[in-house]
Amino acid sequence: GALLVNERIDREELCGALSPCILSFEILMENPLELYSGTVEIQDINDNDPVFPSSQARLEISESVAAGARFPLESAQDPDVGVNSLQTYQLSANPHFALDVQTRVDGSKYAELVLEKELDREEQRELHLVLTALDGGSPPRSAHVQIHIDVVDANDNAPVFNQSTYKANVRENTPSGTLVAKISAYDLDDGPSGEVVYSFSSHTPAKVRELFALDSATGELRVKGQLDYEETKLYEIYLQAKDKGAVPGVAHCKVLVEVVDVNDNTPEVTVTSVYSPVPEDAAPGTVVALLSVTDLDSHDNGLVSDVNDNAPKASQDSYDVYVLENNMPGIPILNVSATDPDLGRNAHLSYTLFQGDPTVGHLFSINRENGTLYLLTSLDHEDQVEFSMTVQVQDGGSPPLATNVSVSVFVTDVNDNPPTVLYPQPNTTDTYTDVVPPGTPAGYMVTKVVAVDADAGYNAWISYTLLQATDPNLFSVGLHSGEIFTARQLREDDAPQHMLVILLKDHGEPVLSATATVSISVAEMAKEVLTDLTDVAPANDPRRHVTFYLILAVILVSAAFFITMLSVGIFKCYKWRQSKELYNSSRSTMYRTPGPFHHIDAVRGGFTPPNFYHQVYLTTDSRQSDLLCKKPFTSSPLGSRQSTMRNGEPGLYHQIVGTASRLPVPAE
């Protein structure tokens, strides 16, 4: 079972820049049959130095170039990966340039010279620098390149690209010569200094130059080689535009080319035979062969086709949503979330609102694509507190599968209703006067202010305070009950008429209030009050007899129910007594000594004809024995005799029943 190295392993030869470098294999065991998958990761060692394309590089830089200008340098290549690959660059000390190390999308490094101090050709015509590339090994490996910089007279304007980054998508089977992108730069100079030439930047990898071609005059980037999505999914191409001046100005741009996968790889089936040939007596379920299927394509191109075998699954089976009343119409209140593990159209979900209540469709709406539930109008807690609905989540399969989600919307209360006074009635022409006799002691309840608040909870909690009174010291009001009491004993010198203004406030935010006016008269008798109110005509209330009729109806219904129940009880008692008397009579007759009229006499006397057939059912308790008489074969006066026997003396009938087992039974 030992896995051995068969030959020297070179990770760079096997996997190139791919990391991690993994070799896969399968181990088949028999008796019992088991299949194991194994992988060997080839780990990199730092056995390669970074390498520059050339040992020397030459740059021409105008003395008019401003500080901050950047100049890309040739990149070094290191076939190692991870920390052993190229990690950084170093520049020899100098007064004019600094080094800025950049990282590409694929993780590779490149360096740019940054001008920190402007050049002066009259002071120094050329500079010599050394660029060092270092990997991350221990110890690190390095490479060097000599950079020779010629300082020349200025070219006033450098080319400028119309955008710094271009993006393009190309299918991996795109034929050679297909246009990928077109870059464009302009130069404000005249003559040769204004003519722009396009080229690859110096640090563009050789692999990119093999796959893409750039027209130096038009800036058209075209496919040159065969693209392979399975090899590289994204190319980062650095291009430059240079004018033809004596000291050429240079501009740089980047083109990101994304390779789009096509279904260009057929599935590969690997078959491992276990039994060959298969014995004819092999039991059902015996493994004959092992198969594995792989496809190098990505996404749907690399999967076995999907079947719509999964219904959408909501993140919750039900939702409870709380919305403040008086809301703004059109606001979103809920997002119903669901997923479907299927692929493609089978996983495309749509949301539908089922309207159990017809009003739901006018109040709520759902976005069919994302499941957002909207409230179309303003709600009122006092009108309806709760709305129930069902959201159906359906996939796009054929046939489609669906899941239902219950949604309950609760309208929470807002303090939008002031207290309403029920007594004394406001805004009416009737005057209600409460009478209190003189000398009434303190603590006597005179009347009560009755009010309600249509809101709920704390918003409907009403408090009562005395706002205004003829004599503020004579009466007090219960804070939560609204009851009006005498604060002290009434005296003879108190005013005969008192007007109280009661302030009613709820406990909402903001506080809403109302007032009630109460009239109190101090008098010995109601007659005196009527004398003072002769100018007020009583109102004719057509509903004043409603209470009387309601009470009368309740009394009549109760009496009818009582009489009915009493009658049923008497009837049941009568039936019970009648059955008891019959039972006692039958027992006394059944167990007495038979008289001269026996069963034989009954047969001889013609009560039981010879062709009469009978069956006898007897128990230990003769009260439960019975005689079953069958219809005779021939017509006879048995019917009348049976009636006579049933209607005769109870003693005679019971004698026949009790002794029927000894009667001779005719043969059939």
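Two strands are said to pair if DSSP finds at least two bridges between them. The exercises below apply this and related criteria to a predicted model.

**Exercise 1. Pairing around strand 38**

Determine which strands are joined to strand 38, how each pair runs, and which residues are bridge partners.

*Solution.*
Step 1. Locate the strand: strand 38 covers residues 513-522.
Step 2. Consider strand 31, residues 433-436: four bridges join strand 31 to strand 38, and the two run parallel. Within this pairing, Asp434 has Ile520 of strand 38 as its bridge partner.
Step 3. Consider strand 37, residues 497-505: nine bridges join strand 37 to strand 38, in an antiparallel arrangement. Here Met499 has Ser519 of strand 38 as its bridge partner.
Step 4. Apply the criterion of at least two bridges. Strand 31 meets it with four bridges to strand 38, and strand 37 meets it with nine.

**Exercise 2. Burial of strand 38**

State how many residues of strand 38 are buried and what follows for the strand's surroundings.

*Solution.*
Step 1. A residue counts as buried under 20% relative accessible area.
Step 2. Of the ten residues of strand 38, seven are buried.
Step 3. Strand 38 is therefore largely enclosed by the rest of the structure.

**Exercise 3. Strands 25, 28 and 29**

Describe the pairings of strand 28 with strand 25 and with strand 29, and identify the connection between strands 28 and 29.

*Solution.*
Step 1. Strand 25 (residues 349-354) and strand 28 (residues 386-395) run antiparallel and are joined by six bridges. Tyr351 stands opposite Val393 of strand 28.
Step 2. Strand 28 also runs antiparallel to strand 29 (residues 402-412), with nine bridges between them. In strand 29, Ala402 is the residue opposite Gln394.
Step 3. The connection from strand 28 to strand 29 is a hairpin through six residues.

**Exercise 4. Cysteines**

Find the disulfide of the structure and classify Cys15, Cys21, Cys253 and Cys573 as buried, partly exposed or exposed.

*Solution.*
Step 1. The search of the whole structure yields one disulfide. Its members are Cys15 and Cys21, with an S to S distance of 1.9 Å, which satisfies the cut-off of 2.5 Å.
Step 2. The angle about the S-S bond is 60°, and the link of Cys15 and Cys21 is right-handed.
Step 3. Compare the relative accessible areas with the limits: under 20% is buried, over 50% is exposed, and values in between are partly exposed. Cys15, at 17%, is buried, as is Cys21 at 2%. Cys253 is buried at 4%, whereas Cys573, at 41%, is partly exposed.

**Exercise 5. Two pockets**

Describe the largest pocket and the second largest pocket, and place the latter relative to the domains.

*Solution.*
Step 1. The largest pocket holds about 1,200 Å³ of space. Its lining has 31 residues, with Ala17, Gln77, Asp106, Ser108 and Pro205 nearest the centre. Helix 2 (206-211) and strand 17 (234-243) each contribute at least two lining residues. By class, the lining has 13 nonpolar, ten polar and eight charged residues.
Step 2. The second largest pocket has a volume of about 630 Å³. Among its 30 lining residues, Leu59, Glu60, Phe71, Lys242 and Val250 are closest to the centre. Strand 3 provides the largest share of this lining, seven residues. The classes are 13 nonpolar, eleven polar and six charged.
Step 3. Domain 2 (56-152) and domain 3 (160-260) both give residues to the lining of the second largest pocket, so this pocket lies between them.

Note on methods. Residues are numbered from 1 along each chain as its sequence is written. This is a predicted model: local features need pLDDT of at least 70, side-chain atom pairs count only at pLDDT 80 or more; totals for chains, interfaces and linings use all residues. Side-chain values use heavy atoms; hydrogens and water are left out. Buried means under 20% relative accessible area, exposed over 50%, partly exposed in between (1.4 Å probe, protein chains only). On a 1 Å grid over the protein atoms alone, a cavity is a set of points where a 1.4 Å probe fits but cannot get out, and a pocket is an open set with protein on both sides within 12 Å along at least five of seven lines; lining residues have an atom within 4 Å of a point. Grid points are joined across faces, edges and corners, and a volume is the space filled by probe spheres set on the points. Ala, Val, Leu, Ile, Met, Phe, Trp, Tyr, Cys and Pro count as nonpolar, Asp, Glu, Lys and Arg as charged, and the others, Gly among them, as polar. Domain bounds come from an automatic or database domain assignment.
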